[in-house]
Amino acid sequence: PIEPNEICGTADLIRFGDGGLTVIDFKGEERVTPAAENLQLGFFAVCLARLWNADEINVAIVYIRRDGSLEWDRARLSAWDIEAHAARLQVLHARLVASRATVAAGGIPDLTTGPHCARCPSMVRSAS
């Protein structure tokens, strides 16, 4: 269980090495937001920067192709980049709190769909 003001997640891999801290997210062949702008990686970069007092965090998305080969999308986030991700997370959290309040009052929150919803079982699909 998490508290109302907490955001949780599980990183696929965190590497502590000579090049600094690196958070890696493994994906299949379906493309996601590039590593430098990826909110999931940004979240972990903020967590690592706060936990380890780091000014830079390396992030990477590793696409695992059907033939077993790997494709890397890497970025090095500066302190400025990390703070920009922290600001995005704060805005997202405020929207989540507002949506919970709307639902608690019997309303329907503002919902936005996109390609990330393709396999969501909650999506209503119409017959064509």
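Which residue in β4 does Ala60 stand opposite? Ala60 stands opposite Arg74. The legends below describe a predicted model, beginning with the whole chain and then moving to close-up views.

**Figure 1. Overview of the protein chain in the predicted model.** The chain contains 2 helices and 4 strands. Followed along the sequence, these elements come in the order β-β-α-β-β-α. A box of roughly 50 × 40 × 25 Å, taken along the principal axes, holds the C-alpha atoms. The protein chain has 128 residues, of which 24% count as buried. Among contacts with a separation of 6 or more, 56% are between residues 24 or more positions apart. The exposed area of the protein chain is about 9,200 Å², and carbon and sulfur atoms supply 57% of that area. The chain carries 13 positive and 16 negative charges, and the mean positions of these two sets are 5 Å apart.

**Figure 2. The hairpin of β1 and β2.** Strand β1 covers residues 13–17 and is joined to β2 by 5 bridges, with the two strands running antiparallel. Between the strands of this hairpin there are 2 residues. Gly17 belongs to strand β1, and Gly20 in β2 stands opposite Gly17. Is Gly17 buried, exposed or partly exposed? Gly17 has a relative accessible area of 27% and is partly exposed, because the buried class ends under 20% and the exposed class starts over 50%. A second residue, Arg66, is 49 residues from Gly17 along the chain, and the C-alpha atoms of the two are separated by 29 Å.

**Figure 3. Asp25 in strand β2.** Strand β2 spans residues 20–27, and Asp25 is part of this strand. With a relative accessible area of 4%, Asp25 is buried. Which residues is Asp25 in contact with, leaving aside its neighbours within four places in sequence? They are Asp12, Gln40, Leu41, Ala60, Ile61 and Val62. Two of these contacts, Ala60 and Ile61, appear again in the views of β3.

**Figure 4. The unit made by β2, α1 and β3.** Helix α1 covers residues 39–52 and, together with β2 and β3, makes a right-handed β-α-β unit. The two strands of the unit pair in the parallel sense, over 6 bridges. Within this pairing, Ile24 stands opposite Ala60 in β3. The loop between α1 and β3 contains Asn53. Phi of Asn53 is positive, near 55 degrees, and Asn53 is a residue other than glycine. Most residues other than glycine have a negative phi. Asn53 is exposed, with a relative accessible area of 70%.

**Figure 5. Strand β3 and its pairing with β4.** How many of the 8 residues of strand β3 are buried? In this strand, residues 57–64, 7 of the 8 are buried, so β3 is largely enclosed by the rest of the structure. Strand β4 is formed by residues 70–77 and runs antiparallel to β3, to which it is joined by 8 bridges. Two residue pairs can be picked out here. Ala60 stands opposite Arg74 in β4, and the bridge partner of Ile61 is Asp73, also in β4. Ala60 thus takes part on both sides of β3, because Ile24 stands opposite Ala60 and Arg74 in β4 does as well, with strands paired where at least two bridges are found between them.

**Figure 6. The turn of the β3 and β4 hairpin.** In this hairpin, 5 residues lie between the strands. Which residue of the hairpin takes a positive phi near 90 degrees? That residue is Gly68.

**Figure 7. His93 in helix α2.** Helix α2 runs over residues 79–104 and includes His93. The relative accessible area of His93 is 18%, so this residue falls in the buried class, which takes in values under 20%. Not counting residues up to four places away in sequence, His93 touches Pro4, Asn5 and Ile7.

Note on methods
Residues are numbered from 1 along each chain as its sequence is written. This is a predicted model: local features need pLDDT of at least 70, side-chain atom pairs count only at pLDDT 80 or more; totals for chains, interfaces and linings use all residues. Side-chain values use heavy atoms; hydrogens and water are left out. Buried means under 20% relative accessible area, exposed over 50%, partly exposed in between (1.4 Å probe, protein chains only). Contact means heavy atoms within 4.5 Å. A crossover is right-handed if, with the strands pointing away from the viewer, the path from the first strand over the helix to the second runs clockwise. Accessible areas come from the Shrake-Rupley method with a 1.4 Å probe; for residues, only the protein chains shown count as cover. Lys and Arg count as positive and Asp and Glu as negative; His and the chain ends are not counted. The place of a charge is taken as NZ of Lys, CZ of Arg, CG of Asp or CD of Glu.
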